[in-house]
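Please look through the sequence and the model shown here before reading on. The paragraphs that follow lead from one part of the structure to the next.

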Amino acid sequence: MKGCGNFHKNVQENRRGVRVNHTPLFEEQVRLGGRMVEFAGFMMPVQFSGLVDEHMAVRTAAGVFDVSHMGEVEVKGPEAFEFVQSITTNDVSKLSVGRAHYTSMLTERGTFVDDLLVYMLAEDHFFLVINAANAPKDIQWMRDHNPMGAVIEDRCAAYAQIAVQGPNTEAILQPMVEADLPAVKYYRFTIAKVIGREAIVSRTGYTGEDGFEIYCSPEDAAPIYRELFTHGKSQGLKPCGLGARDTLRLEACMALYGNDIDDAHTPWEAGLDWIVKIDKGDFIGRPALQEQKETGITRKLVGFEMIDKGIARHGYPVVIGDEVTGEVTSGTQLPFVGKAMGMAYVPVAHTEPGTEILIDIRGRRLKARVVPMPFYKRQKS
Amino acid sequence: MVMAERKYTTTHEWVELEDGKVRFGITTYAQEQLGDVVFVELPSDGETVSRGETMGTIESVKAVSDLYAPVSGTVVESNGELEASPELVNQDPYGKGWLVVVDPSDAGELEGLMDEASYATFVAEEKEKEH
């Protein structure tokens with residue numbers, strides 16, 4: 001696919017001659033000791049000081065993540081509202097300028113094309129943030145489902161994204177931003193100068209902690225990133241990699257596309273009912289969801305913790321009785337909660353917390369117990 | 001400190017011969033590659049292991065790695081402390097993070113292993129491949 005995600009000046013070839021992208025923070029992160037790996041076509045840091053150390057920094061102080069690989073799309077024009085309303089499940093009429101929400105795009109079968117954030121920049125101007133690996137597919141999907149003729153702009157290369165997450169985030173960021181951050185509540189954003197450079201500053205994240213995500217121009221990313229450490233070092237700010245990002249989001253039970261949600265599962269099955277406003281009017285996937293609501297789901301995503309000693313991981317079979325009924329969608333030893341936990345689709349009869357299930361861990365069937373989600377919930381200050 | 005008599009495998013285990021028995025663990029490089037070790041599964045005393053074959057697993061938060069027996073023989077001791085403190089593998093891979101002691105069935109197998117200098121070169125080449 002063309003285009004999306006390429007910071008054009010930064011396209012490199014890896015050892016196998018495959019094109020990989022470098023984000024504008026590549027050099028900064030190598031300099032800080034990031035171990036770079038290929039992810040969704042980008043060279044991204046998997047870790048710096050260590051996954052557990054970074055995970056704990058975000059829970060107790062602050063951490064900074066380069067998430068410039070994420071895709072951005074701008075939708076504009078008089079038809080923009082109607083278009084976004086028709087391809088996403090959450091109710092865009094509930095947004096106002098300065099607010100964002102979590103939502104999803106569905107196939108006609110009611111299964112996930114992707115999950116995304118929608119920001120209302122103006123009444124006729126929306127900013128959509130999509131998964132890096134899905135970006136080309138998503139943008140094609142949008143273009144193929146735009147009978148109203150909204151203006152759809154691939155802006156993946158126009159934005160870098162830096163996520164600062166953890167309880168100390170606001171204190172670290174405030175001196176750098178020309179805006180009153182306490183006034184920017186959860187899932188709100190402001191367009192403000194960050195060290196003199198215009199950016200979208202959004203109180204959102206993927207860690208279960210308080211924090212901000214900064215969308216800026218690629219050339220502004222490195223100066224902002226460096227300045228964060230100038231302010232943040234004394235407050236425990238650490239550079240973090242994709243490893244910690246994954247364990248943090250799993251403790252908070254936030255879905256990862258390709259693991260916990262995909263085009264084989266619906267929002268009802270994934271327990272994402274809250275991002276579907278079935279009565280808002282027509283949207284792609286709605287008839288299928290209506291039907292599944294009436295017939296009922298047969299399987300549902302649950303959280304579990306291991307009873308026996310072992311670590312369940314993505315793809316391991318879930319066994320109930322003597323039958324393989326599904327597989328673990330995400331799982332590992334979680335650093336902050338200190339337990340081996342995960343998520344899996346199980347038949348609806350086995351979704352009650354306390355229900356025992358078996359996980360086939362490399363040939364051994366080990367006991368696990370269904371538990372409520374999320375596994376970690378931050379204390380609201 | 002690295003002792004001269006320590007030997008190394010291409011799968012990043014170290015071995016030391018002591019009183020005819022072979023003690024081994026994983027190297028600094030191996031534990032760095034794994035990341036934070038959270039679970040170690042070792043063979044029990046009396047189990048026989050064969051050189052180059054899987055005899056256990058080491059799990060970090062990120063991934064599962066097989067543990068290969070560097071020599072064939074009978075397990076005489078496993079590091080029980082790792083059950084409660086798997087992080088010892090990261091903190092002290094050549095000391096408190098040791099894994100298993102084996103009574104070797106063929107001491108000649110040790111001959112083929114790398115010495116300190118060869119292993120250092122081998123690791124440097126591996127690191128080169130990362131970039």
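Which residue takes a positive phi just after α7(A)? In this predicted model, that residue is Cys253(A), whose phi is about 55 degrees, a positive value in a residue other than glycine. Cys253(A) is placed in the loop between α7 and α8 (267–270) of chain A, and Cys253(A) counts as buried because 20 C-beta neighbours lie inside 10 Å, where 20 or more is what a buried residue requires.

The helix that precedes this loop, α7 (residues 242–251) of chain A, is largely enclosed by the rest of the structure, because 9 of its 10 residues are buried. Among these buried residues are Leu242(A), Ala244(A), Leu248(A) and Leu250(A), and they also include the charged residues Arg245(A), Asp246(A) and Glu251(A). The cover over the buried residues of α7(A) includes the strands β3 (35–39), β4 (42–47), β5 (62–66), β15 (237–240) and β18 (323–334) of chain A, together with the helix α2 (51–60) of chain A.

A positive phi is also found at Arg362(A), which is not a glycine and has a value of about 45 degrees. Arg362(A) lies in the loop between β20 (356–361) and β21 of chain A, and Arg362(A) is exposed, because 12 other C-beta atoms lie within 10 Å and a residue with 12 or fewer is classed that way. In the segment after β21 (364–371) of chain A lies Pro374(A), which is joined to Met373(A) by a cis peptide bond with an omega of about -5 degrees.

Turning to chain B, its mean pLDDT is 90, and 95% of its residues reach 70 or more. Within this chain, strand β6 (residues 54–60) runs antiparallel to strand β4 (residues 37–41), to which 4 bridges join it, and in this pairing Val37(B) has Ser60(B) in β6(B) as its bridge partner. Strand β6(B) is also joined by 5 bridges to strand β7 (residues 64–68) of chain B, again in an antiparallel arrangement, and here the bridge partner of Thr57(B) is Asp66(B) in β7(B). The two strands β6(B) and β7(B) form a hairpin, with 3 residues between them.

Where the two chains meet, 8 residues of chain B are in contact with 11 residues of chain A. On the side of chain B that touches chain A, these residues divide into 4 nonpolar, 1 polar and 3 charged. For the complex, the predictor gives an ipTM of 0.81 and a pTM of 0.92.

Note on methods: Residues are numbered from 1 along each chain as its sequence is written. Chains are lettered from A and ligands numbered from 1 in the order in which they are written. This is a predicted model: local features need pLDDT of at least 70, side-chain atom pairs count only at pLDDT 80 or more; totals for chains, interfaces and linings use all residues. Two strands pair if DSSP finds at least two bridges between them. Two residues are in contact if their C-beta atoms, placed from the backbone, lie within 7 Å. pLDDT is the predictor's confidence in each residue, from 0 to 100.
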